[in-house]
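This report goes through one structure, from strand pairing to the contact between chains. Please keep the sequence and the model open while reading.

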There are 2 protein chains.
Amino acid sequence: MFEFDFIEWLRSQTSAPPDVELGIGDDAAILRPTTSRQVLTTDLLMEGIHFELSSATFEQIGRKSLAVSLSDIAAMGAIPTVAVLNFAFPRQLAFADAQAVFRGALQLAKEHNVALVGGDTNRWNEKLVVGSTVLGRLDHAGWRISGAQPGDVVLVSGELGGSLLGKHSDFTPRCQLAAELAHRYPIHAATDISDSLSLDLNEIALQSNLGITIQSGSIPIAAAAKLQAAHTGRTPLEHALYDGEDFELLLTVAPETARAILQDSALSVPLTEIGRVHAGPAELLISRDGKASESLPIKGYEH
Amino acid sequence: MFEFDFIEWLRSQTSAPPDVELGIGDDAAILRPTTSRQVLTTDLLMEGIHFELSSATFEQIGRKSLAVSLSDIAAMGAIPTVAVLNFAFPRQLAFADAQAVFRGALQLAKEHNVALVGGDTNRWNEKLVVGSTVLGRLDHAGWRISGAQPGDVVLVSGELGGSLLGKHSDFTPRCQLAAELAHRYPIHAATDISDSLSLDLNEIALQSNLGITIQSGSIPIAAAAKLQAAHTGRTPLEHALYDGEDFELLLTVAPETARAILQDSALSVPLTEIGRVHAGPAELLISRDGKASESLPIKGYEH
C-alpha cells in the first residue's frame with residue numbers, strides 16, 4: 001500500500017491555491033478558468049541519464065525534475081502555475097527517501113508559486129524515474145525558438161559550462177528573469193540551454209532559418225568550466241559550448257533592445273552578448289579571437 | 001541523435017487543432033484561452049508493472065499509456081482536449097518499435113479529438129516507461145469521488161474481471177459515455193475502475209464518508225473473468241471484485257436518476273445497478289445471494 005500511503009502524505013503537504021478548485025486525490029485536478037493563453041511542457045528524468053544517486057541528494061533529484069520543466073516555461077516567457085509529478089520508485093527505496101524526492105520538488109514549487117495538483121506513484125525493481133508536467137500562463141505572444149530575425153543580437157544569462165560539478169542538479173530555473181524581461185522588452189527568439197549552447201543555439205538557427213555567429217571571447221564561462229577543464233584536458237570554452245544542463249536563457253533581440261537589456265541593472269541575472277543573427281543558410285559559426293568565422297561543431301553531453 | 005530524429009518524426013505525424021496555437025517542437029506548447037474550467041491528470045506506465053513486452057504490442061502499450069489518462073478525464077465527466085507524452089525507451093528498442101508506441105497513442109488521440117502537443121524522449125539501458133498527461137474541458141461542476149449521498153444507487157458501466165486476458169491492454173476509455181451522461185444526468189460521485197472494483201468503490205465510501213453495500217448477484221461479470229476463473233481456482237465474482245484495470249465508470253446517483261439512466265437506450269455503453277450508498281461508517285459491504293451484508297475485503301491486483 002506504498003502508493004496509497006504516499007498519496008495521503010502528498011495531500012497533507014499540499015494546499016490548493018485560488019486558481020485550483022480541486023487538488024490531489026481525485027481522478028484529476030480541477031482548474032478554474034483563465035483568460036490567459038497557456039503553455040504546457042513535460043519532462044522525464046531518469047536515473048543514470050539525468051541524475052545519479054551517488055552524486056545528488058533525493059531532494060536535489062526531486063527539485064531538478066520540476067526545475068527542468070520550469071526552465072522550459074521560462075524559455076517561453078511564461079509564468080508557471082500548476083504542476084503534476086510522476087514517480088517510478090525503486091522498490092528498495094525507503095519511504096523517507098521517496099518523501100525527500102517529493103519534498104525537493106515541493107520546495108521549488110513553493111518558491112515559484114506553483115501548485116502541485118496531482119501525480120502518479122508506483123514502485124518497481126528498476127531505477128528511479130521522475131516525470132514532471134507544468135502549465136503556465138502567457139500574457140504576451142510567447143517567445144518561440146523560430147522567432148530570430150536578421151541583425152538580432154544573441155544574449156545569454158549567467159555563465160556556462162561545467163554544470164556536472166553541481167549546477168546541473170541544483171540550478172534555479174530562470175522564471176524570475178523571464179518575467180522581468182517579458183514585461184519590459186520585445187524578445188524575438190528564446191530557448192533554455194538544456195542540451196548545450198551549441199545544440200540549443202543551432203536549434204534557433206534551424207527553426208528561424210538564419211545563420212548565427214558567436215564570438216569565442218564573449219562567452220561567459222563559469223568557474224566550474226575552468227575547474228573541470230583542469231581535469232578533462234578540454235578547454236573551458238569547450239565546456240561552455242558543449243556541456244549542457246546550464247539551464248540559462250538564450251535569447252535573440254533587436255540591437256536596440258540588446259543595448260537596453262545590457263544596461264538594465266534591475267534585472268535579477270546579468271545577460272551577456274555572445275553573437276549575432278544574420279541572413280544566409282541556417283548554420284552556426286564561431287569567430288575565434290576575432291578571426292574569420294568558421295563552422296562550429298554541434299554537440300552536447302552524451303548521457 | 002535518436003531523440004532529435006524521433007521528435008522530427010513526431011512533428012510530422014501531428015497537427016495543431018484550432019485550440020492549439022503551437023504544438024510539438026518548441027520549449028512548450030501554446031494553448032489558446034478557454035472559458036471552461038479544466039481538468040488535469042497524469043499517469044506513468046512501466047514495463048513489468050503495467051504492461052509486458054511479451055503480451056502487448058508496441059501499439060497497445062502506447063495506446064494504453066494515453067488511455068489510462070483519458071479514463072481519468074472521463075471519470076471527472078470532462079472532455080479530453082490536449083495531451084503530452086514522455087518516453088524512456090530501452091536502448092536496444094528499434095526505431096520502428098518506438099514509432100509503433102507513439103502511433104498507438106496517436107491513433108487513440110485521434111479517436112478522441114485529443115491534440116498531442118509535446119513530449120520528452122530519451123533512451124537508457126533499462127525498461128520501457130511511458131508517461132502521459134492530459135488536459136480536459138469541464139462544462140459542469142465535475143464528478144468527484146467524494147460526492148456520494150445517502151440513498152444513492154451505485155452504477156457501473158460494462159462488465160468486470162479478467163482484464164489480464166486482453167482488456168487491460170486494449171480498452172476503450174469511457175469518454176463518450178461520460179459525455180453522454182454529463183449532458184443528461186446529475187452524477188453525484190464517480191471514478192474509473194483502475195485498481196479494482198473493491199478498491200475504487202471503497203475510495204468513494206472513504207472520501208464520501210458513507211457506507212456502500214453491493215449485491216453479489218448484480219455485479220456484471222465479463223466472459224474473461226469466467227474464462228480466467230477456470231484456471232485460477234478463484235470464482236468469476238472474485239475476479240470481478242479484485243482484478244482491476246477494467247477502466248469502466250463507477251458512479252453513484254439519486255434513485256430517480258438511476259432509473260432514468262437504466263432505461264436510457266441511447267447510451268453507448270450499458271450500465272448496471274450493483275448496490276446502494278447509506279449512512280454509517282465509511283465501509284464497503286457485500287450481500288451475498290441476498291443474505292445479510294458482510295464486510296468486503298478490499299484488495300486489488302498486485303503488480
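Which residue is the bridge partner of V153(B) in strand 11 of chain B? The partner is R276(B). The coordinates are those of a predicted model.

## The sheet in chain B

The pairing of V153(B) with R276(B) belongs to a set of five bridges between strand 7 (residues 153–157) and strand 11 (residues 271–278) of chain B. These two strands run antiparallel. In general, the strands of a sheet pair through backbone hydrogen bonds, and they do so either parallel or antiparallel.

Strands 7 and 11 are part of an open sheet of seven strands in chain B, with the order 8-10-7-11-9-12-13. The pairing in this sheet is mixed. At its edges are strand 8 (189–192) and strand 13 (294–295) of chain B, each of which pairs on one side only.

## Helix 4 of chain B

Helix 4 of chain B covers residues 175–184, and its buried residues are C175(B), L177(B), A178(B), L181(B) and A182(B). Viewed down the helix axis, the buried residues fall within an arc of 155 degrees, so they line one face of helix 4 of chain B. An α-helix has 3.6 residues a turn, so residues three or four places apart point the same way.

Several elements of chain B cover these buried residues, including helix 2 (58–74), strand 4 (79–90), strand 7 and strand 10 (249–253). Strand 7 of chain B is also the strand that is joined to strand 11.

## Two domains in chain A

Chain A is divided into domain 1, residues 2–138, and domain 2, residues 145–295. Taken over C-alpha atoms, the centres of the two domains of chain A are 28 Å apart. Each domain of chain A puts residues into the contact: 16 from domain 1 and 16 from domain 2.

On the side of domain 1 of chain A that touches domain 2, the elements giving two or more residues are helix 2 (58–74) and strand 4 (79–90). Helix 2 of chain A gives the most, with nine residues. By class, this side of domain 1 of chain A has 10 nonpolar, four polar and two charged residues.

## A loop in chain A with positive phi

Two residues of chain A, neither of them glycine, have phi near 55 degrees: E245(A) and F247(A). E245(A) lies in the loop between helix 7 (236–242) and strand 10 (249–253) of chain A, and F247(A) is found in the loop between helix 7 and strand 10 of chain A.

Are these residues buried or exposed? E245(A) is buried, with 21 other C-beta atoms within 10 Å. F247(A) is buried, with 25 other C-beta atoms within 10 Å.

## How the two chains meet

A turn of 180 degrees with a shift of 0.0 Å along the axis lays chain A on chain B with an RMSD of 0.0 Å. The two copies are therefore related as by a two-fold rotation axis. Both copies use the same surface, as 100% of the contact residues of chain A recur in chain B.

In the contact, 50 residues of chain A meet 50 residues of chain B. Among the elements of chain A that give two or more residues are strand 2 (29–31), helix 2 and strand 8 (189–192). Strand 3 of chain A gives the most, with nine residues. The side of chain A that touches chain B has 22 nonpolar, 16 polar and 12 charged residues.

Strand pairing also crosses between the chains: three bridges join strand 2 of chain A to strand 3 (residues 37–46) of chain B, and the two run antiparallel. L31(A) stands opposite Q38(B) in strand 3 of chain B.

Definitions and conventions
Residues numbered from 1 in each chain as written. Chains lettered and ligands numbered in written order. Predicted model: local features only at pLDDT ≥ 70, side-chain atom pairs only at ≥ 80, totals over all residues. Pairing = 2+ DSSP bridges. Helix = DSSP H or I, 4+ residues; strand = E, 2+ residues; numbered from the N terminus. Domains from an automatic or database assignment. Contact = placed C-beta atoms within 7 Å. Nonpolar A, V, L, I, M, F, W, Y, C, P; charged D, E, K, R; others polar. Least-squares fit on C-alpha atoms with pLDDT ≥ 70 in both. Buried ≥ 20, exposed ≤ 12 C-beta atoms within 10 Å, placed from the backbone. Arc of directions from axis to C-beta.
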